[in-house]
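Please open the model in your viewer and keep the sequence panel visible. The tour below proceeds by selection, one stop after another.

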Amino acid sequence: MNDQTGQPSLTLVQRIGGAIRWIPLDPPQRIPAAERADYTLIDQDEFEAPDTLRAERRGEDLVVEVDNAEVLVLEGFFAAEDVTFYPTTNIAAGAGPFSGSPLTPSSNVRAASPARQPEAEPVGAGPD
């Protein structure tokens, strides 16, 4: 899971329509969430999501951590239309980069408090 410097070789995979874009990350990285886009984060050494991946809501952004370190902020994720983030995937096993249970702006995602306390309350998009 690590490159020669000991850092994960993380790549954000973005799909909009039929176009797939692989975005190598230099953590921590901030990327605006595109509308009608699907995202997943993979470790390119193993072609699967990192085991320690954790996603939190911070305002309108989706914050992704790996090994307790912030690696990605999808800016405006909770304000974008038809956007999804797949926190689990295993391309090596043939599952495809966009498989499993996705997070969407209406998903309950734990809020990150300013002090990043684990007891933060789950938050959602509100009543339907």
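The stops that follow concern charged pairs and one buried valine, in a model that is predicted.

**Stop 1: the salt bridges as a group**

Begin with the charged side chains. Side chains of opposite charge can pair when their charged atoms come close. In this structure there are nine salt bridges, and the next stops visit several of them, including the pair R30 and D61.

**Stop 2: R30 and D61**

Select R30 and D61 and display their side chains. The two residues form a salt bridge, and their closest N and O atoms are 3.4 Å apart. R30 belongs to strand 3 (residues 29-32) and D61 to strand 6 (residues 61-66), so this pair ties together parts that are 31 residues apart in sequence. The partners may also be examined for exposure. R30 has 48% relative accessibility and therefore counts as partly exposed. D61, at 16% relative accessibility, counts as buried because the limit for that class is under 20%.

**Stop 3: R54 and E56**

Next, select R54 together with E56. A salt bridge joins R54 to E56, with the closest N and O atoms 2.5 Å apart. The relative accessible area of E56 is 4%, so E56 is buried. R54 has a relative accessible area of 33% and is partly exposed.

**Stop 4: E65 and R54**

Keep R54 selected and add E65. Here E65 forms a salt bridge with R54, the closest N and O atoms lying 3.8 Å apart. Because E65 lies in strand 6 and R54 in strand 5 (residues 54-58), the pair ties together parts that are 11 residues apart in sequence. E65 is buried, at a relative accessible area of 3%.

**Stop 5: a network**

Now return to R30 and D61, and add E75 to the selection. Salt bridges with shared partners join R30, D61 and E75 into one network.

**Stop 6: V109**

Finally, select V109. In which strand does V109 lie? V109 is in strand 9, which covers residues 109-110. Is V109 buried or exposed? With 4% relative accessibility, V109 counts as buried. To end the tour, add R58 and draw a distance between the C-alpha atoms of the two residues: the separation is 9.6 Å, although V109 and R58 are 51 residues apart along the chain.

Note on methods:
Residues numbered from 1 in each chain as written. Predicted model: local features only at pLDDT ≥ 70, side-chain atom pairs only at ≥ 80, totals over all residues. Heavy atoms only, no water. Helix = DSSP H or I, 4+ residues; strand = E, 2+ residues; numbered from the N terminus. Buried < 20%, exposed > 50% of the residue type's maximum accessible area, 1.4 Å probe, protein only. Salt bridge = Lys/Arg side-chain N within 4 Å of Asp/Glu carboxyl O.
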